[in-house]
Amino acid sequence: KNIAQDLVKLYAERQASSGYQFGKDTIWQKEFEELFPFEETDDQLAAIEATKADMESKKIMDRLICGDVGYGKTEVAIRAAFKAVQESKQVVYLVPTTILAQQHYNNFVQRMKDFPVNIDLLCRFRSAGEQKKTLEQLKKGQVDIIVGTHRILSKDVQFKDLGLLVVDEEQRFGVAHKEKIKQLKTNVDVLTLTATPIPRTLHMSLIGIRDMSVLEEAPVDRRAIQTYVMELDPELVKEAIKRELARDGQVYYVY
């Protein structure tokens with residue numbers, strides 16, 4: 001009940017106040033986006049444009065990006081994060097598990113390796129000493145993008161100038177968790193990524209409290225997916241996995 005009251009108050013405050021107005025894309029932004037190794041889908045480009053338009057407006061962004069796994073939600077967030085960092089704003093990328101945090105951290109580092117962006121990781125993979133150093137740098141504004149689990153929501157985490165919050169797989173966080181970080185600053189731009197939006201989030205999007213972008217178009221390399229139904233044959237499974245690994249692909253085994 002208390003959380004619901006706080007939520008209503010928070011959204012009322014967010015809608016009544018103005019957010020930070022980001023400038024137009026820089027030359028670095030264009031260079032960074034040209035380095036994307038895949039072809040963007042029309043849905044993806046529309047979501048990126050809508051997100052940038054939100055950031056460049058006076059309103060506080062609260063956009064939901066819906067799309068299946070592999071449809072390019074993360075790329076929308078990466079470009080928004082890079083845009084925020086261009087104006088010395090800090091970015092939080094909040095994920096539900098330690099493994100995901102490590103994967104996204106590696107992805108961010110790889111994508112931004114040619115640019116002077118300081119990216120750090122905050123999760124239980126990091127030692128107490130490493131975490132302490134990260135917290136000090138965050139407070140001083142020396143960390144541009146912090147990727148982490150709900151460890152980021154702890155009271156000892158302070159920012160110099162937080163400008164963007166990205167919540168990945170938001171259905172995996174509790175209501176209290178998600179709203180806690182928004183309360184750090186009522187005027188922080190928020191981008192939420194999900195393949196399966198929870199009813200509360202979807203309802204808020206449909207009644208206009210939040211904006212929504214939907215990625216329905218499969219990326220080019222996913223359009224020729226073949227599906228086979230057959231009896232379990234371990235040798236066949238082994239062969240399929242070996243073929244996928246041989247082309248440097250990834251395997252997701254659901255059992």
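Me: Is Glu 75 buried or exposed in this structure, and what is its relative accessibility?
Reply: The model is a predicted one, and its values are computed from the atoms. A residue counts as buried when its relative accessible area is under 20%. Glu 75 falls below that limit and is therefore buried, with a relative accessibility of 6%.

Me: Which residue meets the side chain of Glu 75 in a salt bridge?
Reply: Side chains of opposite charge can pair when their charged atoms come close. For Glu 75 the N to O distance in the pair is 2.4 Å, and the partner is Arg 111. Glu 75 belongs to helix α4 and the partner to helix α5 (residues 98-111), so the bridge ties together parts that are 36 residues apart in sequence. The partner is buried as well, at 12% relative accessible area, and its name is Arg 111.

Me: Which residues are joined into one network by salt bridges that share partners?
Reply: The pair of Glu 75 and Arg 111 is part of a wider set, in which salt bridges share partners. The members of this one network are Lys 24, Asp 25, Glu 33, Glu 40, Lys 52, Glu 56, Glu 75, Arg 79, Lys 83 and Arg 111.

Me: How many residues apart in sequence are the parts that Glu 40 and Arg 79 tie together?
Reply: The side chains of Glu 40 and Arg 79 form a salt bridge with an N to O distance of 2.7 Å. Glu 40 is partly exposed at 22% relative accessibility, whereas Arg 79 is buried at 2%. Because Glu 40 sits in the loop between α2 and α3 and Arg 79 in helix α4, the pair ties together parts whose separation in sequence is 39 residues.

Me: What distance separates the closest N and O atoms of Glu 56 and Lys 24?
Reply: Glu 56 lies in helix α3 (residues 42-56) and Lys 24 in the loop between α1 (2-16) and α2 (27-34), so this pair links parts 32 residues apart in sequence. Glu 56 is buried at 16% relative accessibility, while Lys 24 is exposed at 67%. Their salt bridge has its closest N and O atoms at a distance of 3.1 Å.

Me: What separates the C-alpha atoms of Val 76 and Gln 44?
Reply: Val 76 is placed in helix α4 (residues 73-86) and is buried, with 2% relative accessibility. Along the chain, Val 76 and Gln 44 are 32 residues apart. In space, their C-alpha atoms are separated by 7.1 Å.

Me: How many disulfides does a search of the whole structure find?
Reply: A disulfide is a covalent bond between the sulfur atoms of two cysteines. Cys 66 is buried at 9% relative accessibility, and Cys 123 is buried at 0%. To count as a disulfide, a pair of cysteine sulfur atoms must be within 2.5 Å. The number of disulfides found in the whole structure is zero.

Me: Which residues gather in a patch of negative charge on the surface?
Reply: One member, Asp 233, lies in the loop between β7 (211-215) and α9 (234-246). Asp 233 is partly exposed, at 33% relative accessible area. The patch is formed by Glu 231, Asp 233, Glu 235 and Glu 239.

Me: What is the area of the nonpolar surface patch that includes Tyr 255?
Reply: Tyr 255 lies in the segment after α9 and is exposed, at 89% relative accessibility. Leu 232, Leu 245, Val 251 and Tyr 253 join Tyr 255 in making the patch, whose area is about 660 Å².

Definitions and conventions
Residues numbered from 1 in each chain as written. Predicted model: local features only at pLDDT ≥ 70, side-chain atom pairs only at ≥ 80, totals over all residues. Heavy atoms only, no water. Patch = residues over 30% accessible without salt bridge, like charges linked within 9 Å, V, L, I, M, F, W, Y side chains within 5 Å. Areas by Shrake-Rupley, 256 points an atom, 1.4 Å probe, with all protein chains shown as cover. Salt bridge = Lys/Arg side-chain N within 4 Å of Asp/Glu carboxyl O. Lys, Arg positive; Asp, Glu negative; His and termini not counted. Charge placed at Lys NZ, Arg CZ, Asp CG, Glu CD. Helix = DSSP H or I, 4+ residues; strand = E, 2+ residues; numbered from the N terminus. Buried < 20%, exposed > 50% of the residue type's maximum accessible area, 1.4 Å probe, protein only.
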